[in-house]
Amino acid sequence: MGLFDRMFKGAGKAQKAPEGPRVLSPADGELVAIESVADPVFAEKTMGDGVAIVPVGGPLAAPVDGTLSALFPTGHAFGVEAGDLSVMVHGGIDTVDLEGAGFEVAAAQGDAVTAGQTVVTVDADAVRAAGYDPTVMVVVLEAPAGMTMRKRGPGPVKVGEPVIWFE
């Protein structure tokens with residue numbers, strides 16, 4: 001039984017998994033509340049609601065199947081559109097100032113991407129060594145109308161595990 005299936009089992013009684021869109025973790029690490037990050041723009045949900053991941057390094061993957069609608073040349077942030085769902089992945093706090101150091105881009109804006117496909121590879125240790133927080137923010141910029149967003153609670157997470165879903 002997969003993690004998502006276990007999330008919807010309660011007291012030995014199976015619950016129906018949501019049929020709406022799912023946003024998958026773009027990074028391996030520790031899932032934390034977005035309200036806890038050190039950047040007020042994300043913590044106050046100015047751009048939208050979501051989750052954050054303290055990464056162990058490695059790939060930043062597409063969180064949904066869709067089109068890479070935005071990709072900063074520095075590799076620190078990208079957006080994926082999937083119909084009426086738009087998700088931004090932002091690698092680190094103030095990491096735009098690194099001008100691409102520690103980020104290796106593996107895709108191009110406009111590419112069709114599959115959830116779990118590497119878009120950017122991050123050297124989290126290099127980002128930390130440069131004095132920056134490598135926490136990854138996953139923000140829903142646009143959500144499906146009429147659906148309620150749900151978020152997974154804090155804890156270890158791997159690329160491809162559901163962290164946000166709609167019902």
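Buried here means under 20% relative accessible area, exposed means over 50%, and partly exposed is whatever falls in between, with a 1.4 Å probe and protein chains only. The model is a predicted one, so local features need pLDDT of at least 70 and side-chain atom pairs count only at pLDDT 80 or more, while totals for chains, interfaces and linings use all residues. Residues are numbered from 1 along each chain as its sequence is written, and side-chain values use heavy atoms, with hydrogens and water left out.

First, the overall picture. The protein chain has three helices and 16 strands, where helices (H or I, at least four residues) and strands (E, at least two) are DSSP runs numbered from the N terminus. Of its 167 residues, 45% are buried. Take the contacts (heavy atoms within 4.5 Å) between residues at least 6 apart in sequence: 68% of them join residues at least 24 apart. The accessible surface adds up to about 7,800 Å², and carbon and sulfur atoms own 51% of that; these areas come from the Shrake-Rupley method with a 1.4 Å probe, and for residues only the protein chains shown count as cover.

On to the charged pairs. A salt bridge is taken as a side-chain nitrogen of Lys or Arg within 4 Å of a carboxyl oxygen of Asp or Glu, and the count by that rule is seven. One of them pairs E35 with K151, with 3.9 Å between the closest N and O atoms. This pair links distant parts of the chain, 116 residues apart: E35 sits in the loop between β4 (29-33) and α2 (40-43), K151 in strand β14 (residues 149-151). E35 counts as partly exposed at 40% relative accessibility, and K151 is partly exposed too, at 31%.

K151 also bridges to D49, and here the closest N and O atoms are 2.8 Å apart. Since D49 lies in the loop between α2 and β5 (50-55) and K151 in strand β14, the pair ties together parts 102 residues apart in sequence. D49 is partly exposed, with 23% relative accessibility. Both bridges belong to a bigger picture, as E35, K45, D49 and K151 are linked in a network of salt bridges.

Strand β14 supplies another partner, R150, which forms a salt bridge with E167 at 2.9 Å between the closest N and O atoms. With R150 in strand β14 and E167 in the segment after β16 (162-166), the pair ties together parts that are 17 residues apart in sequence. R150 is partly exposed at 38% relative accessibility, and E167 is partly exposed at 40%.
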